[in-house]
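Here are some short exercises for you to try with a protein model on screen. Take each task slowly, then compare your reasoning with the worked solution.

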Amino acid sequence: MAGLFKFGFTRQPTDGDVRDVPSTSSATESPVESHAVVEPVTKKIRKDTSGGGVKVATIKKWLLQSGDDETDRGFRQKRADLTWIRYEAAGNVVSKVWCHYCQRKPDIFRTFTEKAGVRHDVDAYIKGTANIKKTNCERHAHSTGHENARAAVIAEDTVPAERPLQRLMIHMRRNVFDRMVKLFEIAYFIAKDERPFTSMAKLVALEKHHNVDLGEAYGNNQACRIFTRYNAQILRDPLQQHLSPIWPRDPASYPYHSLFTDGTTDKSVSEREVVYVKIFRDGESCMKMMGLMDVEHANATALKESLVDYYQDYIGLGDGEELDFGTTGCIGACAEGASVNFGIHRGMMTQLREDMPWLITVHCVAHRLELAVKDAFKNSYFTEQVHPILLKVFAFYSRSPKRYRELREVAAMKQVKVISLKRAEGTRWVAHRLKAMEAFLRNYPCLIAHWEDVSNAARKDIKETDKAMIVGFLRRLKRVDFMAQFSLYMDLLASLSAISEVFQRADISLQQLKETVSLHLTLLRDLRAQQGKVSSMMVDHFRKEVSDQAGTTMYREVDMIGDLGVAEEKLEAERELITSAILEKLEERFADFTENPVLSSCEVFDHTIWPVDRIKLSSYGVDEVALLLDHFKVPLQAQHVNLIEAKREWGQLKVHIANHYQDVPYTAMWRSIFLRRREAFPNILHLVAIMMVLPISNAQSERAFSAMGRVLTDWRRSLKTDILSDLLLISMEGPQEVADFDAKAAATKWLLDVSGKRRPNRKGQASEECEGDAAVLVPNDDAGQDELGEITLDSVELGEDWEEGDLQLVDSENDEGEGEMITIE
């Protein structure tokens with residue numbers, strides 16, 4: 001629908017275009033008369049000023065001017081369409097006129113009028129104006145805002161069969177259409193299961209073997225690629241409509257969103273960026289994938305220009321149209337902390353803030369945590385002793401199936417089960433280091449027993465160099481102080497892993513971020529402040545497992561080396577050093593969430609920390625809300641938010657929450673208010689919606705790159721960015737079950753697309769002719785029927801004398817009921 005009123009499509013008015021709209025004036029005034037469109041009049045109409053104003057008869061003559069071309073002295077001139085005029089009359093004199101279209105679509109009219117630079121009297125033809133001049137009306141009729149509002153009303157009121165790009169009513173046998181739907185479902189399954197397009201022919205053949213009627217056409221890899229494009233577009237349409245400023249928005253929706261971008265060089269050695277967006281819908285925020293974009297150069301300026309161009313194209317603005325970020329609702333951006341993104345002088349985020357001063361730019365918190373842990377663990381016991389051992393143990397077994405088989409045999413003799421060893425690096429997230437330590441500790445007795453057997457001099461099948469390495473392993477791993485330190489770092493990584501898991505959530509909010517960081521900082525401070533022996537879960541568990549019997553220290557049936565008392569002293573010293581380092585780095589990395597006035601002010605929306613006293617509550621957050629309203633003034637005013645009313649509603653909102661939502665969790669509370677009380681707080685909730693979509697974590701992009709690694713195999717390196725983006729979208733966000741995907745909508749979109757020929761009954765191979773230009777479905781008089789008596793559709797240009805009924809194709813030779821007709825609208 002957006003294309004109808006944005007990309008220059010024009011349509012002559014019909015009787016259905018002119019409708020009466022109730023006046024905004026009081027009911028005591030004269031009602032609006034109904035006017036029908038008649039033949040255009042070329043006689044010049046002069047303003048009748050008798051009686052102190054324009055008479056009703058004059059306006060009625062203006063209404064006859066339908067916008068058709070007129071011939072004046074041999075020249076054809078385009079006249080303004082004035083059929084949109086509505087008026088109020090006191091007796092025989094018109095007192096006020098307004099625009100039928102702009103009054104119904106005021107947001108669209110204001111958006112495009114403000115884009116054109118018009119600031120004075122914008123609402124004259126929305127609320128009504130007493131300055132009644134024909135020249136003013138004609139000027140309004142030619143304005144961009146009016147044209148787009150008119151197109152939006154026509155698109156909304158016109159039944160699907162009468163819409164310009166959907167005028168075709170394709171009457172098709174039901175079994176033919178059902179076959180196409182099945183083919184689209186197969187194509188969706190292939191993309192969802194991350195299979196190659198060549199699987200299409202095999203799956204179609206399998207279905208035919210099961211007596212499924214799929215016809216003879218479009219059962220190949222070229223058709224699968226084309227169907228995948230339409231399947232992906234069905235998933236993409238709702239997001240594009242939500243983001244586009246030219247699409248009529250649901251009054252209950254909020255257009256605010258944040259962009260997330262991350263780059264990679266894939267197997268085809270192409271620089272690509274994945275783009276996500278965080279939107280607010282149905283009372284809660286959610287992450288949605290926009291797609292992949294190509295980047296010519298990986299510098300800040302090229303990245304910024306590529307992102308802006310991709311964003312502009314995605315929301316439906318053409319190359320020649322200026323992108324007004326204020327009207328789009330973009331309020332934040334998130335990326336990794338590389339200098340190309342966050343360089344102080346010319347980083348991509350710095351350049352974006354030049355265009356959008358209100359933009360909140362955030363370095364991904366999950367990436368921050370990884371950097372903070374690396375900095376804190378630098379030169380620590382973990383980095384120098386524990387981590388190298390984990391890597392060597394993993395390499396020792398991963399490269400030799402024989403060694404791993406021997407380890408399982410040892411475990412079988414001990415009547416335990418070996419769990420798979422994990423690699424301690426090769427990933428960015430802290431949780432994987434913890435998993436590597438957990439697997440090592442679980443297998444510890446079996447590992448020691450196996451290495452003692454391998455290092456035995458009687459084993460002639462083991463190289464002497466390997467035996468020497470294993471002896472070194474045993475000497476270190478059987479030390480009491482090593483296992484004590486190992487237990488301490490497991491506790492620390494368990495706490496950090498819990499933070500990492502929260503930071504990787506797609507729907508993480510600012511409140512959850514602050515709550516998580518605050519909680520674990522408190523736990524670390526408590527651990528550092530302990531007096532005497534270290535007390536934590538894994539350290540305490542280590543103490544229970546270790547025993548000192550007759551001067552021999554045993555730990556899980558392993559004879560240990562070293563003194564337990566000395567190990568305790570080293571453990572206490574390491575506890576002080578590592579907890580201090582972690583606290584310092586975490587506070588340093590996350591300081592801007594408390595130091596940034598905008599981010600810290602958002603804390604006032606967390607009702608769990610509000611003062612209980614009603615007097616204190618009345619003044620709570622007033623300054624912070626004022627700061628936020630001023631910072632986001634441009635995007636808020638673009639959505640016609642009354643900033644003064646928003647401040648007043650803040651006080652009412654606090655009272656309402658204190659009375660009804662005091663014990664309700666944060667997310668559930670705001671969702672309930674947006675769904676049930678939106679009309680009561682129409683202005684301040686816009687600010688809450690902005691707070692809900694603030695950029696926090698870019699972890700979802702990492703999942704997209706993981707999916708890309710599965711999709712873009714060595715055999716598919718030639719996939720273009722657009723089709724790879726479609727495949728990722730289906731893989732990441734499409735329904736898990738094929739039955740839950742609307743394949744009928746995709747098949748209908750394909751059939752109604754005017755970009756090429758559609759021959760659902762024709763034998764042979766689908767080819768690139770399916771992507772031709774400017775063609776529509778019509779019956780081909782010269783086309784015959786195949787051996788099944790089915791109909792062949794061909795493609796020609798749409799003529800001016802086209803009528804709706806011309807496309808009703810009926811198979812008169814089929815008398816067995818298979819020719820039941822359906823209409824694709």
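The exercises below go from the whole chain to two helix pairs and then to a single residue.

**Exercise 1. The chain as a whole**

Find how many helices and strands the protein chain has, and what share of its residues is buried.

Solution. Keep in mind that this is a predicted model. Start with the elements: the protein chain has 35 helices and 16 strands. Next, look at burial: of the 825 residues, 51% are buried. Then turn to the surface, where the accessible area is about 39600 Å² and carbon and sulfur atoms hold 49% of it. Finally, consider the contacts with a separation of 6 or more: 70% of them link residues 24 or more positions apart.

**Exercise 2. Helices H19 and H20**

Decide how H19 and H20 are oriented to each other, and which residues make their contact.

Solution. Step one is the geometry: H19 (residues 444-454) and H20 (residues 464-477) pack at about 140 degrees, and their axes lie 9 Å apart. Step two is the label: the pair is oblique, because roughly antiparallel would need an angle over 145 degrees. The crossing is left-handed. Step three is the contact itself: H19 contributes Tyr 444, Ile 448, Trp 451, Glu 452 and Val 454, while H20 contributes Lys 467, Ile 470, Phe 473, Leu 474 and Leu 477. Sorted by class, eight of these residues are nonpolar, none are polar and two are charged.

**Exercise 3. Helices H10 and H34**

Work through H10 and H34 in the same way: what are their angle, their handedness and the classes of their contact residues?

Solution. H10 (residues 221-243) packs against H34 (residues 721-733) at about 55 degrees, with the axes 9 Å apart. This angle makes H10 oblique to H34. The crossing of H10 and H34 is left-handed. Among the contact residues are Arg 225, Thr 228 and Leu 235 of H10, and Ser 725, Asp 726 and Ile 730 of H34. The full contact divides into six nonpolar, three polar and four charged residues.

**Exercise 4. One histidine**

Is His 541 buried, partly exposed or exposed?

Solution. First locate the residue: His 541 sits in helix H23 (residues 537-545). Its relative accessibility is 37%, so His 541 counts as partly exposed. The cut-offs explain this, because buried means under 20% and exposed means over 50%. Last, check a partner along the chain: Ser 487 is 54 residues away from His 541, and their C-alpha atoms are separated by 8.4 Å.

Methods
Residues are numbered from 1 along each chain as its sequence is written. This is a predicted model: local features need pLDDT of at least 70, side-chain atom pairs count only at pLDDT 80 or more; totals for chains, interfaces and linings use all residues. Side-chain values use heavy atoms; hydrogens and water are left out. Axes are lines fitted to C-alpha atoms, for helices over the stretch in contact, and angles run from 0 to 180 degrees between N-to-C directions. Helices (H or I, at least four residues) and strands (E, at least two) are DSSP runs, numbered from the N terminus. Angles under 35 degrees count as roughly parallel, over 145 as roughly antiparallel, 65 to 115 as roughly perpendicular and the rest as oblique. A crossing is left-handed if the near helix is turned anticlockwise from the far one by less than a right angle, and right-handed if clockwise. Contact means heavy atoms within 4.5 Å. Ala, Val, Leu, Ile, Met, Phe, Trp, Tyr, Cys and Pro count as nonpolar, Asp, Glu, Lys and Arg as charged, and the others, Gly among them, as polar. Buried means under 20% relative accessible area, exposed over 50%, partly exposed in between (1.4 Å probe, protein chains only). Accessible areas come from the Shrake-Rupley method with a 1.4 Å probe; for residues, only the protein chains shown count as cover.
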